[in-house]
Amino acid sequence: MKRKCSRKPNSAPNEMISLNELYALRLSEARYRRIIETTNEGFGEIDLAGNITSGNQRLADLLGYTLDELVGLNMISALLYPEDQAGMIERLRTRKKGAH
């Protein structure tokens with residue numbers, strides 16, 4: 001019998017995941033994190049307002065910031081040329097609506 005430990009994301013309140021599923025999820029997250037942290041490419045994520053929510057050290061190095069300075073920075077105003085900002089804002093608005 002599987003022991004229940006926590007809710008599945010986006011699930012009904014009584015739907016639980018097993019400890020085995022939770023362990024597999026944590027292993028997968030650790031693998032993903034290790035790949036992102038060790039790649040030679042700059043990698044970052046932004047929210048729908050254009051704020052950098054995470055990034056790897058390589059991205060910070062490429063952009064001339066520390067990682068602490070980079071996270072929380074608004075990518076649109078800080079990193080894009082003025083003539084490119086409107087296009088990015090429009091792309092983010094489109095994503096908010098659920099389109100790609």
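**Asking how we know**

Me: What makes up the secondary structure of the protein chain in this predicted model?
Reply: The chain has five helices and four strands. Read from the N terminus, the order is β-β-α-β-β-α-α-α-α.

Me: Why are strand 3 and strand 4 said to pair?
Reply: Pairing needs at least two bridges between the strands. Strand 3 (residues 44–46) and strand 4 (residues 52–55) have three bridges, in the antiparallel sense, so they pair. Across from Ile 46 you will find Ile 52 of strand 4.

Me: What lies between those two strands in the hairpin?
Reply: Five residues lie between strand 3 and strand 4. In this hairpin, Gly 50 has a positive phi near 90°.

Me: What makes the nine residues around Ile 52 and Leu 92 a nonpolar core?
Reply: A nonpolar core takes buried residues of kinds such as Ala, Leu, Ile and Met, joined through side-chain atoms within 4.5 Å. The nine here are Ile 52, Leu 59, Ala 60, Leu 70, Leu 73, Met 75, Ile 76, Met 88 and Leu 92, so the name fits. Helix 2 (57–63), helix 4 (75–79) and helix 5 (82–96) each give at least two residues to this core.

Me: Which residues is Met 88 in contact with, leaving aside neighbours within four places in sequence?
Reply: Met 88 is in contact with Met 75, Ile 76 and Leu 80. Contact means heavy atoms within 4.5 Å, so Met 88 has heavy atoms within that distance of each of these partners.

Me: How many of the residues count as buried?
Reply: Of the 100 residues in the protein chain, 16% do.

Definitions and conventions
Residues numbered from 1 in each chain as written. Predicted model: local features only at pLDDT ≥ 70, side-chain atom pairs only at ≥ 80, totals over all residues. Heavy atoms only, no water. Buried < 20%, exposed > 50% of the residue type's maximum accessible area, 1.4 Å probe, protein only.
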